[in-house]
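Work through the exercises below with the model open. Each task is followed by a solution in steps.

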Amino acid sequence: MPDFDVKKLKKMYDEAKRVDEKLFAEQRTNIRLKMGDHYKKKAAMFDDLRARGVINKKTSIRLTKNHIHRITNIYENQILETNPSVTAVPFNKNELHDIKAAEQRQGIIDWVKETNNWDDKQSKHVSDFIGIGETYALIRFDYDKGKPIAENEDTGEIVKSGEFEIERVFGFDLKRDPDARTEDEAVWWIRDQMVNKSEFKKLVKNAKDGDNSEALQEKVRSSVETTTRIFDPSLGQYKATKNQVLVKELFVKPSNEYPNGWYVMFTDHLIITQGELPFGIYPLVGKGFDELTTSPRSASIIRVCRPYQIEVNRSSSKMAEHQITLGDDKVYIQDGTKLTNGGTLHGVRAFKISGREPIIQPGRSGAQYLEYQLSQIKEMYEAVNLSHILEDNNAKVGDPYLLLFRAMKDKKKFVRYINKYSQFEIAV
């Protein structure tokens with residue numbers, strides 16, 4: 001029997017969280033960058049600076065020209081266009097038994113896809129794979145789903161057939177064995193999840209089989225009253241939770257020490273339940289975009305885009321700043337010189353000058369930053385192997401064989417990542 005206790009589990013979690021702390025911050029920031037939220041401080045559109053035409057030390061313009069969104073969408077579309085999926089085929093196409101077995105397995109695969117709305121989930125997993133840099137799925141069998149098949153005579157509850165659930169898990173919600181240098185060496189992973197207080201109490205009640213001791217109730221109260229700040233991917237920001245409890249799940253891979261693996265659900269105050277993995281099957285599956293050396297974690301293509309995107313935003317902001325402060329033409333007249341209206345004609349305005357001719361200074365558009373900005377954009381697309389996106393599309397019109405050759409050439413750039421994602425779906 002494993003000797004896991006709350007103190008040991010909490011130590012494992014803290015060490016695992018600390019070792020990838022910088023990566024988690026990067027993954028959360030990637031979501032904000034893709035959404036176009038490139039600055040920590042949010043402000044109204046230009047803070048009305050364009051209307052006031054004033055820039056000082058307390059105000060500044062921060063423009064976002066978000067190429068990261070376009071680049072990540074191109075990568076996602078290239079993977080989804082290939083429609084990576086899984087199918088069952090007979091080992092021997094001439095053997096009737098193999099053909100029937102393949103048909104049965106394909107029926108199960110189709111059922112799992114249909115009940116999990118896989119077309120929608122697939123696009124979300126691809127989005128995580130490209131944007132966050134990692135995509136993970138947790139496979140469970142949910143007995144509360146499916147068609148009603150019977151009624152429990154003792155409780156009167158409806159018994160359902162159950163369904164497989166493929167649950168999407170974010171990379172920053174997974175903490176790994178800090179001693180692991182590769183994905184295969186990671187003996188265990190801990191997953192964070194937020195559970196509603198009522199559902200948490202129900203979990204504890206079912207797991208403890210009616211234990212109402214004062215010690216257990218005190219641990220439950222301590223878990224419920226703890227406030228946690230979590231990152232909301234849909235909003236791209238942190239928020240405090242009041243009606244939820246942070247529950248952690250430890251998954252230990254099958255090994256000599258744990259032949260069927262091990263599972264523990266716990267909080268910082270109590271162990272809710274633990275036991276062997278059903279059938280010894282490890283339920284957590286994941287794949288990364290670009291593996292990090294000596295680490296089981298992976299980085300996103302956004303890591304490559306970041307420095308270029310910063311320079312594009314900075315140069316764009318400086319151009320806008322010059323247009324606001326120096327944009328309009330300026331007229332200088334000598335003291336004593338009089339400038340009066342000399343009448344108007346169609347499309348003509350005349351002025352009378354008495355004195356020295358005025359000096360006209362043209363406004364500034366910030367064009368001195370344009371060449372640098374365009375070079376950064378070009379270099380960014382070259383760095384992510386998408387330089388062909390900036391080419392003239394008219395040059396592609398013509399010979400159909402040339403178009404086919406170019407399409408095949410462009411597709412080869414994404415083969416590595418398409419194969420990686422395909423491996424993820426096969427593992428699921």
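**Exercise 1.** Place Ile 108 in the secondary structure, state its exposure class and name the surface patch it belongs to.

Solution. Ile 108 is in helix H5, residues 96–115; helices (H or I, at least four residues) and strands (E, at least two) are DSSP runs, numbered from the N terminus. The model is predicted: local features need pLDDT of at least 70 and side-chain atom pairs count only at pLDDT 80 or more, while totals for chains, interfaces and linings use all residues. Residues are numbered from 1 along each chain as its sequence is written, and side-chain values use heavy atoms, leaving out hydrogens and water.

Next, the exposure class. Ile 108 counts as partly exposed because its relative accessibility is 47% (buried is under 20% relative accessible area, exposed over 50%, partly exposed in between; 1.4 Å probe, protein chains only).

Finally, the patch. Ile 108 joins Trp 111, Phe 141, Tyr 143 and Phe 164 in a nonpolar surface patch with about 510 Å² of accessible area together. Patch members have over 30% relative accessible area and no salt bridge, with nonpolar side chains (Val, Leu, Ile, Met, Phe, Trp, Tyr) joined within 5 Å and like charges within 9 Å. A salt bridge is a side-chain nitrogen of Lys or Arg within 4 Å of a carboxyl oxygen of Asp or Glu.

**Exercise 2.** How many aromatic pairs are there, and what is the geometry of Tyr 75 with Tyr 417?

Solution. The count is 14 aromatic pairs (ring centres of Phe, Tyr and Trp, its six-membered ring, within 6.5 Å; planes under 30 degrees apart are stacked, over 60 edge-to-face, the rest tilted). Tyr 75 and Tyr 417 are edge-to-face, 6.1 Å centre to centre with 65° between the planes. Tyr 75 belongs to helix H4 (residues 67–81) and Tyr 417 to helix H12 (residues 415–427), so the pair ties together parts 342 residues apart in sequence. Both Tyr 75 and Tyr 417 are buried. By contrast in class, Phe 170 and Phe 172 are stacked, at 5.4 Å and 5°.

**Exercise 3.** Which strands pair with E9, and where does Lys 248 lie?

Solution. Strand E6 (residues 188–196) runs antiparallel to E9, joined by nine bridges (strands pair if DSSP finds at least two bridges between them). Trp 189 stands opposite Phe 251 in E9. Strand E10 (residues 262–266) also pairs with E9 in the antiparallel sense, over five bridges. Lys 248 stands opposite Phe 266 in E10. Lys 248 also lies over the face of Tyr 13, 4.0 Å from the ring centre (NZ of Lys or CZ of Arg within 6 Å of the centre and within 35 degrees of the ring normal).

Definitions and conventions: Accessible areas come from the Shrake-Rupley method with a 1.4 Å probe; for residues, only the protein chains shown count as cover.
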